[in-house]
Amino acid sequence: MANAIQNVETRFVTVDLPGVMQMSPVGRQQEPSAITIFVKRRAKEHCSKTAMVCIGALLFFGTLIGLFINYLLLVNSVKIKHQQDYFQHLNSSQSLTTDYFFVHLTDIHLDLFYQTQCHHQDRASTSSPINWLYGRYGCDSPSYLVDSALNSISKHMSTHQELSLFILVSGDLVAHHCVIRSQPSPGSCSTLNDFYHTVTIASRKLANAFYNRSIIVAIGNYDIPITYLQRNSEYIWYQRLFNLWQPMISCKGCSSLHQPSISPSFRKDFLSAGYYYLDYSAVALKVITLNTIYWDQSVYNEIPLGSQARFNALGDQQMEWLSEQLRQAKRQNWKAIIHGHLPPGINIRSGNNITIPSSWVAKRYHSYIQMVSADYQDIILGQFFGSLHRDDFRLASDIDQVSGSVILISPSLSPIYNNNPAYRFVYIQKPNLRTVDYRQYFLDLEITAVRNRAIWQTEYTFRTYYSFKIQGINYAKIQSINSKLLTDSDTWTKYQNARSVQRMNQHIRFACYCAMKHIHDFLYLQCLNSLDN
């Protein structure tokens, strides 16, 4: 072993080689030459100057970036402050004299696949990297937006809880992209289970938020898979909806004032065609909820020829049923609310849709307009619809427009049509039960995205916004607004801004004027032609 170690050590002995300079042992430093010292000194001076230039440049550009960010924050804070001052003025400028109110919420369009389907899609109207957690324009409602809206409604209801009667939900709980496909797509709403799961989650959110008020839900065209209608098997789906909604509608935990009387025909009516009515005897009010699917022209266009006869028969049946409910209300000297998803008239969502056909099947107009503008006009407290994703009005009248009633169209919760989310409180007054005003709340998605916090605020009240001295929403006032769309710039600007809920979209003025004024499509087109010529 000793010999082996000695042999290893002899491998590293210093050997003198003739003609070769002896190398210094490792770890032993040589004195630097003058040339080496000079090169090092020049390199150090050069690097120091370069570093100083780089640091200076970084400081200069960093300062510019900081100033730019501060400018953006200042502009945004000014916008927020301006809007807060404006809407606080609206909140305090007019007190309401009211006896009761109810909530109108429509077109929730819950998107359980928001993160994968829409959160980063290019079709949204902005490419800003800010946080769109509560929703973004061009997309349906994420869960955060729905929860935020329901919390806001509950908060505002709590200040006058005893005066709130019920919650109207005018249909379309399910996201637009939720379509059943033969080949399901992962990460999207594309199966029957996905569809029903979305309806279930949306319904549970409503039930948990308003457990002590009746939630009166109308069926929208996105609340039932079209295949059921095409196969004449929608009663299967209505059974599912009935099981979900019947406890919400009947509200067994409500007080005597807020619990509706459920008719013996409630189950039969709902399961046969998805419509029903509720009686509120404490206030002498009948709430009639329609299923406008059977009057919807766009749905009718998708029904196979063999199923159209039954589709039409159910539409006729509902019209006769509506007439009977209004007749009963008049006999009892009660008032009636008509509530549904799709309103009659011209369906305008953007300014370019000026020749779109009427929303209802043509044969439904005469009977309905006769009822609401003549036969039962005196007992109708209001007609409340959604579907258009716009804040709008319709004058429901005969062709001569001698008399009529008002259709109030609430904007949607979903911001998919480039609108801010909204809901409204509708105020009614005794002793004769009349609709005196409404207050609309909204969420500015741009401000919410910057702040990453949802702040719902009053957008406007009808009476204050349109400068009426006396409370009340009636045919004459909406007719006045309609006439001023072409003669008064201030009214037009207010209407245009409110229509998309503070988004200031550009709308074609003549189209909006004619759509509000004329229910019938041929009168609408005549109106447009007369103004364009």
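This tour visits a helix, a sheet, a cavity, a loop residue and a strand pair in turn. The model is predicted.

**Helix α5**

Begin by selecting residues 192-209, which form helix α5. At 1.5 Å a residue, its 18 residues should span 26 Å, and the end C-alpha atoms are indeed 26 Å apart, so the two values agree. Next, show the side chains of F195, T198, V199, T200, A202, S203, K205 and L206, the residues of α5 that are buried. An α-helix has 3.6 residues a turn, so residues three or four places apart point the same way. To see what surrounds the buried residues of α5, add β1 (100-105), α4 (143-158), β2 (164-169), β3 (214-217) and α7 (234-250), against which they pack.

**The seven-stranded sheet**

Turn now to an open sheet of seven strands, with mixed pairing and the order β4-β5-β6-β7-β8-β10-β9. Its edges are β4 (261-262) and β9 (392-397); each has a single partner strand, so one side of each is left without a neighbour in the sheet. Within the sheet, select β7 (residues 335-339) together with β8 (residues 380-385), which pair in the parallel sense over four bridges. For one of these contacts between strands, label I338 and its bridge partner in β8, Q383.

**The second largest cavity**

How many cavities of 30 Å³ or more does a search of the whole structure find? There are three, and the second largest holds about 40 Å³ of space. To locate this cavity, select L229, N232, E234, Y294, I303, S307, R310, F311 and L314, which line it. By class, this lining has five nonpolar, two polar and two charged residues. Helix α10 (residues 308-332) contributes the most to the lining, with three residues.

**Residue E302**

Continue to E302, located in the loop between α9 (297-300) and α10. Is E302 buried, partly exposed or exposed? Its relative accessibility is 44%, between the limits of 20% and 50%, so E302 counts as partly exposed. Leaving aside residues up to four places away in sequence, E302 touches I226 and Q230. Select T227 as well: T227 and E302 are 75 residues apart along the chain, while their C-alpha atoms are separated by 9.6 Å.

**Strands β12 and β13**

Finish with strand β13 (residues 457-461), where five of the five residues are buried, so the strand is largely enclosed by the rest of the structure. Add strand β12 (residues 434-442), which pairs with β13 in the antiparallel sense over four bridges. Within this pair, R439 has T461 of β13 as its bridge partner.

Methods:
Residues are numbered from 1 along each chain as its sequence is written. This is a predicted model: local features need pLDDT of at least 70, side-chain atom pairs count only at pLDDT 80 or more; totals for chains, interfaces and linings use all residues. Side-chain values use heavy atoms; hydrogens and water are left out. Helices (H or I, at least four residues) and strands (E, at least two) are DSSP runs, numbered from the N terminus. The expected span of a helix is 1.5 Å times one less than its number of residues. Buried means under 20% relative accessible area, exposed over 50%, partly exposed in between (1.4 Å probe, protein chains only). Contact means heavy atoms within 4.5 Å. Two strands pair if DSSP finds at least two bridges between them. On a 1 Å grid over the protein atoms alone, a cavity is a set of points where a 1.4 Å probe fits but cannot get out, and a pocket is an open set with protein on both sides within 12 Å along at least five of seven lines; lining residues have an atom within 4 Å of a point. Grid points are joined across faces, edges and corners, and a volume is the space filled by probe spheres set on the points. Ala, Val, Leu, Ile, Met, Phe, Trp, Tyr, Cys and Pro count as nonpolar, Asp, Glu, Lys and Arg as charged, and the others, Gly among them, as polar.
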